[in-house]
Amino acid sequence: MRGLSIKLKLPLLIGALVVAVTGVYAVAAYRAMARAAMTVATGRLTTVTDQLAQALHTSRNSLVAHLDSIAQRPEIARYLARPGAGSTAALAALAPPLERAQSVAGVALWSADHHRLLSQGEAPRRGLTVDSTLLLAAAKSDSAVIGPFHLAGDSIAYPVVARVGTSARPLGYVVEWRWVVGTARSREQTNQLVGTNAHIYLGNTGGDIWSDLTRPVPGPPVDVTHATGLLRYDRAGVGPTYAVARHIDGSPWLVLVEYPVQAVLAPARIALSRLVLIGVIILVLGLAATWALSRTLTRPLAGLTHAAETVAAGDYAPLVGIDPDPRGDELGRLAAAFDTMVQRVAEAQQRLEDRVRARTAELQERNEELEAFAYSISHDLRAPLRAMGGFSQALLEDYGDKLDQTGKQYAERVVAGANTMDQLIRDLLSYSRITRSELRLTPLDLHRPMQSATEQVANDVAARHARVVVDEPLPPVVGHETTLAQVLANLLANAIKFVPAERTPDVHVRAELRDGRVRVWVEDNGIGIAPEHHERIFRVFERLNPAEDFPGTGIGLAIVRKGVERMGGRVGVESAPGGGSRFWIDLSQAEAVDERHSHSAG
Ligand code: ADP
């Protein structure tokens with residue numbers, strides 16, 4: 001997240017916010033709705049079950065009343081008093097009215113001692129026979145009794161039994177078998193009250209037979225006989241279900257109304273999916289809006305960043321706010337302030353550069369004046385010095401016999417001092433020359449300045465019987481031949497000079513290529529130099545050893561450094577006391593040597 005651009009960060013943040021808010025809101029709303037739906041549905045379920053039980057009780061009463069009225073018909077009593085005669089009249093009295101014939105499976109007359117005397121309809125054929133306990137119950141009851149449901153193939157029937165005669169002396173019984181037929185009205189009523197997914201079941205209190213008002217069905221997975229409140233169980237093929245069961249008074253029946261939990265929650269689910277849809281729409285719109293907003297923010301920021309980076313890299317040209325229609329907000333002001341700042345910095349930079357240029361020019365001028373002055377002074381000093389040396393020499397030669405020993409020594413000292421001073425002035429002059437002269441750099445063969453340098457130190461080589469080995473061939477470099485010859489000669493002279501008198505100087509010159517540059521090494525077996533002096537010795541007049549041991553002026557290495565730097569190179573030394581020294585100079589490597597230059601150089 002930290003490295004992410006603001007352009008992405010902002011929409012991501014807003015998106016996450018929208019998702020979180022709509023998610024929490026949707027879940028909370030769904031829960032509340034589900035709870036409300038559940039309360040409403042279970043309330044209705046109880047009410048409708050009670051109403052159904054009430055309605056079934058009413059229809060049970062009308063059935064009982066109907067059968068009681070049949071049982072009281074005189075034709076029936078007559079027949080039962082004397083079975084065998086009047087059966088036609090009895091049968092006619094038993095026959096159900098036409099509009100009820102559909103729901104009647106059969107009617108029969110039973111004797112007081114539980115024998116079927118007369119029968120009409122299909123009930124006996126369908127195996128429907130009445131239980132004698134029911135006949136006994138009817139014998140004691142003042143009105144007809146209703147029996148439990150019986151299976152007849154895939155239909156269900158129930159008996160209604162009415163006694164004929166008095167309870168003290170029953171003549172017999174009228175048994176009517178009725179089919180269980182769902183009435184369209186009860187279903188419609190339930191649907192209106194609970195919902196289209198409600199299911200009504202009727203069953204025996206014993207739980208052995210259940211019907212959905214048309215055919216036998218499996219009963220609920222729990223015992224509902226004594227349940228009074230809301231039931232919840234899994235119905236095979238439906239899933240979690242709410243149910244309410246009620247006993248129907250005056251019958252061995254139960255009415256059970258089931259309502260799937262799924263259906264209860266359906267409205268809440270629909271609302272939830274709408275909420276999610278609305279959430280997605282808000283998310284998309286929010287993302288688009290924040291994307292657009294963050295673009296309007298980050299585009300000028302990106303411009304500003306780019307401009308700042310360019311300025312940081314040293315280019316003061318780019319300005320961000322040069323806009324015909326500048327933004328009035330904070331970003332617009334930031335851009336304007338940035339531009340003003342850049343302009344100020346650029347102006348200040350320009351002023352500083354101008355001042356530095358002027359000062360440098362002034363300094364250079366002064367420097368040149370000083371150098372010219374030093375040069376002319378050095379030059380002018382040599383004439384009286386030569387006179388001093390010459391006249392002291394003449395004094396020794398012409399008047400030597402007139403001077404005593406001390407006088408002669410004094411005159412010799414004057415000559416030596418004059419010579420040393422002359423050498424010093426000559427060194428200073430050549431340092432000055434190398435500083436001031438115009439150097440035209442050309443590609444040249446290192447071999448030639450090397451040869452010239454060896455010739456310059458030929459006397460020292462001979463005096464010390466030194467051994468100088470040069471690893472040929474040496475690569476071509478870019479430089480100035482005479483200067484290079486002097487640089488190499490100074491290095492060679494030192495390499496021979498700073499070797500203890502008892503040791504034969506052994507000098508090794510070699511070159512190597514380093515990243516397109518040539519490094520020339522001058523290595524000796526001399527006294528070496530302590531690391532803390534490696535920088536110092538390249539300055540003018542810096543000497544590490546007393547003149548009695550190793551004579552010199554302290555200008556040689558200063559000339560080396562100045563000469564190499566003027567040829568665009570660098571110089572250095574690797575050394576430790578007693579371990580010899582390895583001086584090096586770095587110069588640009590030349591592609592190829594232009595012969596004209598290398599011959600005409602100098
Ligand atoms: P000079 O040789 O006239 O003394 P230089 O400028 O050439 O002056 O050298 C400065 C000092 O650096 C020398 O006095 C000496 O102490 C030290 N030096 C230069 N070259 C070598 C070397 N090859 N080995 C040891 N010391 C050296």
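Is glutamate 369 buried, partly exposed or exposed, and what is its relative accessibility? Select glutamate 369 and turn on the surface: its relative accessibility is 49%, so this residue counts as partly exposed, the cut-off for exposed being over 50%. Keep in mind as you click around that this is a predicted model.

Now switch to cartoon. Glutamate 369 sits in helix α8, which covers residues 330-399. Add Glu362, Glu365 and Glu368 to your selection, and colour the surface by charge. Together with Glu369, these residues make up a patch of negative charge on the surface.

Next stop: the aromatic rings. The whole structure holds 5 aromatic pairs. For one of them, select phenylalanine 149 and tyrosine 158 as sticks. Their ring centres are 5.9 Å apart and the planes stand at 90°, so call this pair edge-to-face. Hide the surface for a better view, as phenylalanine 149 and tyrosine 158 are both buried.

Keep phenylalanine 149 on screen and bring in tryptophan 253. This pair is stacked, with 4.6 Å from centre to centre and 15° between the planes. Tryptophan 253 is buried, just like phenylalanine 149.

Zoom out a little and trace the chain from each ring. Phenylalanine 149 is in the loop between β3 (145-146) and β4 (150-152), while tryptophan 253 belongs to strand β12 (residues 253-260), so their pairing ties together parts that lie 104 residues apart in sequence.

To finish, show Phe149, Tyr158 and Trp253 in one colour: ring pairs link them into a cluster.

Methods
Residues numbered from 1 in each chain as written. Predicted model: local features only at pLDDT ≥ 70, side-chain atom pairs only at ≥ 80, totals over all residues. Heavy atoms only, no water. Patch = residues over 30% accessible without salt bridge, like charges linked within 9 Å, V, L, I, M, F, W, Y side chains within 5 Å. Areas by Shrake-Rupley, 256 points an atom, 1.4 Å probe, with all protein chains shown as cover. Salt bridge = Lys/Arg side-chain N within 4 Å of Asp/Glu carboxyl O. Lys, Arg positive; Asp, Glu negative; His and termini not counted. Charge placed at Lys NZ, Arg CZ, Asp CG, Glu CD. Helix = DSSP H or I, 4+ residues; strand = E, 2+ residues; numbered from the N terminus. Buried < 20%, exposed > 50% of the residue type's maximum accessible area, 1.4 Å probe, protein only. Phe/Tyr/Trp six-rings, centres within 6.5 Å; stacked < 30°, edge-to-face > 60°.
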